[in-house]
Every structure is written in C-alpha cells, then in structure tokens.
Amino acid sequence: MQMTLNETHVSFTSADGFVLHGTYTSPSSTTDNKAPLVVIVQGTGKTDRDGNSAGPPKPIQLNLYSGIAHFLASIGVASIRYDKRGTNASANPPPSYTGHKDVFNSMGIDDLAADAAAALNFGSTQPEVDTAKLYFAGHSEGGILTGRICKKTAELYPSLSLKGCMIICAFGETLETASDHQFEHSLEDLSHGSFVMRYIAKPLLTHVDALTPAGAKAYALDPANKNKDIGTYMFKPFPLRWYRDHFTLNLAEECKHIKCPVLIVGGGKDIQCDAANCSRENADRLLVNSPKVDIVVAPKMTHILRNMDLEHLNILKILEIYQEQGKLPLAPEFTEAVQQFLQ
C-alpha cells in the first residue's frame with residue numbers, strides 16, 4: 001500500500017526538566033493498524049534534527065535523519081527525531097531548569113541517554129503508535145550510546161518494553177577508537193596532499209599533542225579537571241564532562257543493558273567508524289543479552305548512509321564530499337535491512 005506521511009512539531013520533557021523540540025513523523029494510511037515507533041538518535045555535534053548543520057566550518061545539508069524518518073513513514077513506521085539539548089530549537093532551557101547555562105558544553109552522556117528515553121516515552125503516548133513495537137535507531141554517537149540509552153529507558157520508564165535497537169555506523173566503537181580511526185585517515189591523506197600538508201600540517205598533527213585525540217583525552221582525564229563540566233582547550237570551550245564520560249566508557253558493560261534484538265549496520269566506505277567492527281565475533285562478545293543480532297555491511301556505503309563509487313574518500317575533503325552525497329537517496333542496502341528488521 002502506498003503511504004503518505006504527516007509531520008508535527010513536538011516538544012517533550014526529559015528527566016531533569018529540560019524541554020526538547022523535535023518532529024513526530026507518522027504514516028498516513030486508510031487502515032486502522034497502529035504503527036511501530038522508531039526514535040532516531042543522532043551523532044555528535046550541533047547538527048539539527050534533520051541531520052543538517054549551519055556550520056562552522058560551513059553549512060552542510062545532508063537531510064540524513066529526515067531522510068530516515070520519511071523512509072520509515074513510507075513503510076508504515078512512525079518516528080521521532082529531535083534537536084539535541086543545547087542546539088537549534090532545543091538550545092534554550094526552560095526557566096525552571098537549574099543546570100549550567102552553557103547547556104551543550106556541560107552535558108554528559110547520561111543527559112543524552114535520558115533525552116532519548118524521554119523521546120521514546122513521549123512517542124509511546126501517541127494514539128497511532130503500537131506500544132509493543134518500540135525501537136531506537138542510533139547513528140554514530142547515538143549508536144555508541146545504545147547501551148546507556150537502554151539502561152536509562154529501563155530506569156526512567158520501566159513500563160516501556162523495547163522491541164529492538166538499530167546500531168548504525170557505530171557498532172563496536174567508542175569515541176576514542178572512532179577518533180583514532182579518523183586521525184589515522186587524516187595523517188594518511190595529508191601524506192598525499194600538497195607541500196604544506198605534507199611538510200607543515202602533518203608534522204604539526206604528529207608532534208603537537210594538543211592537536212591529537214590523545215591530547216584531548218589527557219586533558220579530559222586530568223585529575224585537576226575531575227569536578228569540572230567545562231574547560232578551555234585550544235582557546236575554545238571544551239565539554240569536559242562529555243569527553244570524560246566517553247573516555248571512561250566500558251563498551252562491554254554498556255552493551256549488557258541491550259536485551260532486545262539488534263540490527264547492526266556498517267558501511268564499507270565509512271571513514272569515521274570502522275566497519276570491520278561490525279563482525280559476528282564482536283556481536284557475540286558484546287551483545288551477550290541480545291536474543292537476536294542481524295549484521296549488514298553495505299560495501300559502498302559511507303557514514304552518512306549513501307553509496308559512493310569513489311575508491312578513496314579523502315577525509316580532508318569530507319564536508320565537500322558529504323554535501324554532494326546528501327543529494328543522493330539512502331543506500332538501498334540500509335533501507336532494505338531496516339525494513340526487514342522492523343517487519
């Protein structure tokens with residue numbers, strides 16, 4: 001049956017009183033059947049609920065999360081996507097909020113997990129949603145935090161039962177391993193760049209600790225910073241609490257909280273998260289409480305879920321490449337895997 005969709009601006013309140021704003025997308029249908037619900041949990045940074053960014057360094061329009069939501073509606077599935085706390089429409093806290101004024105840089109991963117849980121709870125109250133079919137779809141950081149999100153959901157909303165989780169372009173990764181992976185790609189591409197890249201930029205990245213992932217880790221875990229939520233690093237506000245949370249994350253322990261079926265999706269052209277981690281061996285090692293795990297690695301898919309025919313994706317030109325890729329449809333291997341998982 002051909003589906004159309006309805007989209008509504010929504011707001012919901014997280015456990016600490018912070019109000020988040022998002023979009024609720026539901027399929028329009030002539031049937032009376034209730035729809036499954038997927039909460040889309042986005043990756044790092046200040047991209048908006050649709051997966052677009054106003055910069056810096058420059059605006060980029062990917063329509064990644066809106067694209068996922070519209071695909072889900074086309075197969076009869078409702079979804080919620082939202083602006084993260086401290087960003088876009090969720091930038092300003094309500095008057096009753098007692099947390100730090102710099103919301104984005106002071107938050108930790110428990111805040112992000114609680115916000116995702118609140119989105120699921122809100123979505124479960126919508127009249128067209130089948131509360132027996134509730135899912136999370138975490139992309140990039142959202143996927144890394146799937147275990148914490150499941151834990152928070154169980155703690156805050158024990159009456160909710162998860163039907164499944166999708167971990168997209170993130171499985172088996174932590175922020176630290178993903179950062180190291182990206183850093184190595186940067187060094188490799190600098191080696192094949194211009195004279196300035198080869199003989200100035202690369203030595204700087206190699207020898208100036210502050211420019212490396214290891215430097216950021218050392219600053220975040222410095223005992224002098226253990227009681228601070230925000231610091232200053234490289235002359236900019238630095239989200240100490242967020243980095244500290246990520247750098248101390250025990251992925252094996254986190255994944256024990258995932259007790260539902262899981263779909264793992266990786267991209268063979270993903271240079272931000274290593275698709276080699278999307279293995280059955282890793283799944284068996286980490287997802288010890290998941291009754292069923294499906295794994296799909298799309299060989300030509302990049303981190304933004306589009307297929308690419310280029311042999312090599314230059315990480316130094318990643319925004320330029322992604323801007324062009326954002327005009328493409330979602331990779332069919334991804335959409336087919338999601339549709340099969342949700343059936």
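The largest cavity in this structure, which is a predicted model, has a volume of about 90 Å³. A search of the whole structure finds two cavities of 30 Å³ or more, and the second largest has a volume of about 70 Å³.

## The two cavities

The largest cavity is lined by Val41, Gln42, Tyr82, Lys84, Arg85, Leu112, Ala113, Asp115, Glu141, Gly142, Leu145 and Ile149. Two elements, α3 (109-124) and α4 (141-144), give two or more residues to this lining, and of the elements α3 gives the most, with three residues. Around the second largest cavity the lining consists of Gly143, Ile144, Thr146, Gly147, Ile167, Ala170, Phe171, Gly172, Glu173, Leu251, Cys255 and Ile258. Here the elements that give two or more residues are α4, α5 (146-156) and α10 (251-255).

The table sets out the linings by class.

| Cavity | Volume | Nonpolar | Polar | Charged |
|---|---|---|---|---|
| Largest cavity | about 90 Å³ | six residues | two residues | four residues |
| Second largest cavity | about 70 Å³ | seven residues | four residues | one residue |

## The sheet

Eight strands form an open sheet with mixed pairing, and their order across the sheet is β1-β2-β4-β3-β5-β6-β9-β10. The strands β1 (4-13) and β10 (293-298) stand at the edges, and because each has a single partner strand, one side of each is left without a neighbour in the sheet. On average, neighbouring strands of this sheet are turned by 20° against each other, with direction ignored.

Strands of a sheet pair through backbone hydrogen bonds, either parallel or antiparallel. In this model, strand β3 (residues 35-41) and strand β5 (residues 129-139) run parallel and are joined by six bridges. Valine 41 stands opposite glycine 138 in β5, and Val41 is also one of the residues that line the largest cavity.

## Helices on the sheet

Helix α1 (residues 64-74) lies across β1, β2 (19-28), β3, β4 (78-82) and β5, and it runs at about 165° to β4. Helix α13 (residues 332-342) also packs on the sheet, where it touches β3, β5, β6 (162-168), β9 (262-267) and β10, and its direction makes about 165° with that of β6. Strands β3 and β5 are thus among those lying under helix α1 and among those touched by helix α13.

## An aromatic link

The structure holds eleven aromatic pairs. One of them is formed by tyrosine 135 and phenylalanine 341, whose rings are arranged edge-to-face, at 6.0 Å centre to centre and with 65° between the planes. Tyrosine 135 lies in strand β5 and phenylalanine 341 in helix α13, so this pair ties together parts that are 206 residues apart in sequence.

Notes:
Residues are numbered from 1 along each chain as its sequence is written. This is a predicted model: local features need pLDDT of at least 70, side-chain atom pairs count only at pLDDT 80 or more; totals for chains, interfaces and linings use all residues. Side-chain values use heavy atoms; hydrogens and water are left out. On a 1 Å grid over the protein atoms alone, a cavity is a set of points where a 1.4 Å probe fits but cannot get out, and a pocket is an open set with protein on both sides within 12 Å along at least five of seven lines; lining residues have an atom within 4 Å of a point. Grid points are joined across faces, edges and corners, and a volume is the space filled by probe spheres set on the points. Helices (H or I, at least four residues) and strands (E, at least two) are DSSP runs, numbered from the N terminus. Ala, Val, Leu, Ile, Met, Phe, Trp, Tyr, Cys and Pro count as nonpolar, Asp, Glu, Lys and Arg as charged, and the others, Gly among them, as polar. Two strands pair if DSSP finds at least two bridges between them. Axes are lines fitted to C-alpha atoms, for helices over the stretch in contact, and angles run from 0 to 180 degrees between N-to-C directions. Contact means heavy atoms within 4.5 Å. Rings of Phe, Tyr and Trp (its six-membered ring) pair if their centres lie within 6.5 Å; planes under 30 degrees apart count as stacked, over 60 as edge-to-face and the rest as tilted.
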